[in-house]
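Biologist: Could you take a close look with me at one part of this model? I would like to go through its charged side chains.

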Amino acid sequence: MAGELPFEKPLSELRKKIEELKKFGAESGIDFTDEICRLEERCTHLQEKLYDELTPSQKMHLARHHSRPTSLDYIQTIFSDFIELHGDRLFADDLAIVGGLAKLNGIPVTVIGHQRGKDTKDNIARFFGSPHPEGFRKALRLMQQANKFNRPIVTFIDTKGAYPGNTAEERGQSEAIARNLREMAMFGVPIICVVIGEGGSGGALALGVGNRILMLENAIYSVISPNGAASILWKDASRADEAAAVMKITADDLVSFGIVEEIIAEPQGGAHRDLAVQAETIKEAVWRHLQELSGFSAEQLVVDRYEKFRKIGKFKSPSAQAEPAAEIIESAQV
Amino acid sequence: MFKDLFHKRKYATIPSGQQPRTKPDIPEGLMSKCPKCGNIQFSKEIEKNLKVCTSCGHHFRLNAMERIAITLDEGRIEEFDADLESEDPLQFPGYAGKLEAQKKSSGLRDAVVTGHGAIGGLPVVAAFMSFDFFAGSMGSVVGEKITRAIEQAHARKLPVIIFSTSSGARMQESILSLMQMAKTSAALAKFQGDGGLYISVITDPTTGGVSASFAMLGDYILAEPGALVGFAGRVVIEQTIRQKLPDNFQTAEFNLQHGQLDKVVHRKEMKSILTKLLDMHAVKGDIAHGG
């Protein structure tokens, strides 16, 4: 099995055994049907058990799988008539973000996504899907265009994070992300975000201020990559698996925090097992949410989005019931 | 046996942990060393100089209370939401204990103090971040307090001034911290969209989730000299691009040069610049609020 992950090994070994037994049976003329049936049953059982109870770190490895479908794979499968549009009109065209016009069930939409490379050369050209400021500004330009022409916006989130580099800093990485967050809050068109792989930090959020956030079953979304967290927590980036467990990065966690509205199921074993099926389930979910939002006026969409994000956060306020008396601090002069 | 007798010990043994090292007889905190120029000076002299090195002009970090004292008229703030406290929503290992320790050491409940006050006689809503609480990191409480302050300013038709200093989003609240970036930015979108005035003052250091949200969204963005401002940390960048970065990388001056800031303002000038800016937005004795 190509691209097998370490935790999938017992399964592939069992499958190999079944194949061997079948081959041996055919060659020697001995009937192993019962044996094979028993093993196949065990295989199905193991498969269900393995994929039903994936740990956060196993999901992280699936989300980062090299053959996991990318934004362009989905854009080309889900939408028709895709016209890719390029450039931020200020500096360059950042290939770490792709976007353009397309039709979803005959309706024109603006579609934007982070784009990882398919191979090493492609990855280098696309900075491994980590955008520079010009990428975020390209996305903003396309979203402003969508807002102007009253088209819904669909974004695909799949990045380890914004590109950490001196050129990115010089051109205002912080400002580019911050501006997207502020502008996305005010668009009067529906925005649907789909986390398809890894949602890493501000670079992910810069395409993520939507009325609805949907997330694939094995996708992850966090404030810092588990590797980064491990290097801060234990000064050891290789302990990412442990960090993944404590950081609450799975789709289930994000639903429980009220951030994600819906989890989109993946084919057994992950999205890369069946692109066509995965694209179809994403399409169904995105379309359903767009239909729900189609009755909203521009103002209602802004309010809906604002309230979604306004609610996020967990804190305690001991005197919340009573109107808290203003506390006046007379600080000592320095 | 004889071998042992003539065996020479390689090392002399010294009894350990017996005598405490003798310290020079200087009272704790009397003198301070400037981390930039190394000049040793009386702490009182530095404090009198608004915590700016008397020799090289290095701006020492101020905590929220020190900043309030030198910024707001009479150092007086009518504090908002003073009772908000962080929870431990992820049950993150060690977080609850660390929060308690930070509260004790800083005297704050979280990394920002917000409230109502005046600058040069002009009323403002202001937020003061404090690096001495959890490295100024933004979790749910910081995001909520900043958002509420912006909403208060909106309701009262007052300008907002935010003094930022932060290491970024607070990892221990993971995705909830990340979402505070969107929450605060959305509040600014509404406020600024209605004509509200927001002045962002960036102090040392301001990075990550705070620089990539409200700190960089000011109608006017000021910074203190030498303040570190950037998105990704220097070490991360050096590891990624495997190049040595210039010494002034991500300083306020570097950002000014690259067009990311309006002005680098010395601490001594800050209050007068803020007063002038506020004054220029005042209409008929009231602060301009467009809408």
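Does Arg179(A) count as buried, partly exposed or exposed, and what is its relative accessibility?

Modeller: Happy to. Keep in mind that this is a predicted model. Arg179(A) counts as partly exposed, because its relative accessibility is 33%, and a residue has to be under 20% to be called buried. Its side chain meets that of Glu175(A) in a salt bridge, with 2.7 Å from N to O. These two residues sit four apart in helix 8 of chain A, so about one helical turn separates them. Glu175(A), at 13% relative accessibility, counts as buried.

Glu175(A) also forms a salt bridge with the side chain of Arg137(A), at 2.9 Å from N to O. Here the pair ties together parts 38 residues apart in sequence, because Glu175(A) belongs to helix 8 (residues 173–184) and Arg137(A) to helix 6 (residues 133–148) of chain A. Both Arg137(A) and Glu175(A) are buried.

Chain B offers another pair to look at: the side chains of Lys103(B) and Glu85(B) meet in a salt bridge of 2.9 Å, N to O. Lys103(B) is in helix 4 (residues 95–106) and Glu85(B) in strand 4 (residues 85–86) of chain B, so this pair links parts that are 18 residues apart in sequence. Lys103(B) counts as buried at 15% relative accessibility, and Glu85(B) is buried with a relative accessible area of 14%.

For the wider setting, the whole structure has 38 salt bridges over all chains. A network of salt bridges links Arg310(A) with Asp81(B), Glu144(B), Arg148(B), Glu151(B) and Lys183(B).

Key
Residues numbered from 1 in each chain as written. Chains lettered and ligands numbered in written order. Predicted model: local features only at pLDDT ≥ 70, side-chain atom pairs only at ≥ 80, totals over all residues. Heavy atoms only, no water. Salt bridge = Lys/Arg side-chain N within 4 Å of Asp/Glu carboxyl O. Buried < 20%, exposed > 50% of the residue type's maximum accessible area, 1.4 Å probe, protein only.
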